[in-house]
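User: I'd like to go through this model with you, a few questions at a time. Can you start with the ground rules?

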Amino acid sequence: MAKIEWTDDAKLIFKTYVKNAQLEFGTSTARKWQSERNSIEWRLERYPVSYPLEYLLRGRNLHYRLCHLMHRRFKLIYYYDEAEDTVYIVDIWDTRMNPKALIRRIK
């Protein structure tokens with residue numbers, strides 16, 4: 001079973017989105033974020049390459065993948081290090097933002 005590691009930036013972004021969801025839409029929406037995160041982590045632990053590659057980040061040394069959160073409004077961006085058997089979650093991307101910004105954010 002793969003280990004899950006969140007970068008500090010990804011943790012902060014996720015916490016910010018959950019907090020904003022709670023303030024704007026209520027506790028039940030924030031709980032949905034947490035539940036969806038748990039489901040995604042469960043799947044990543046067992047099947048780390050089961051989500052598709054992120055087209056915007058192709059051609060890089062790492063093979064970035066994505067999975068959708070909250071009805072496809074957000075993308076969880078990650079890569080899998082097979083040698084370490086670890087999934088590194090690097091970003092939560094709001095799909096309404098300019099795609100070029102995602103390319104710049106993921107170094």
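Analyst: Sure: helices (H or I, at least four residues) and strands (E, at least two) are DSSP runs, numbered from the N terminus. This is a predicted model, so local features need pLDDT of at least 70, side-chain atom pairs count only at pLDDT 80 or more, and totals for chains, interfaces and linings use all residues. Residues are numbered from 1 along each chain as its sequence is written, and side-chain values use heavy atoms, with hydrogens and water left out.

User: Is lysine 75 buried or exposed, and what is its relative accessible area?

Analyst: Lysine 75 sits in strand E3. Buried means under 20% relative accessible area and exposed over 50%, with partly exposed in between (1.4 Å probe, protein chains only). Lysine 75 therefore counts as buried, at 14%.

User: Which side chain does the side chain of lysine 75 join in a polar contact?

Analyst: A polar contact is a pair of N or O atoms within 3.5 Å; within protein, one must be able to donate a hydrogen and the other to accept it, and residues adjacent in sequence count only if both atoms are side-chain atoms. At 2.9 Å, the partner of lysine 75 is glutamate 54.

User: Which backbone oxygen lies 2.6 Å from a polar atom of the arginine 65 side chain?

Analyst: Arginine 65 belongs to strand E2. The backbone oxygen at 2.6 Å from its side chain is that of tyrosine 51.

User: Where do the buried residues of H2 fall, seen down its axis?

Analyst: The buried set is Thr29, Ala30, Trp33, Ile40, Glu41 and Leu44. They line one face of the helix, because they fall within an arc (taken from the directions from the helix axis to the C-beta atoms) of 120°.
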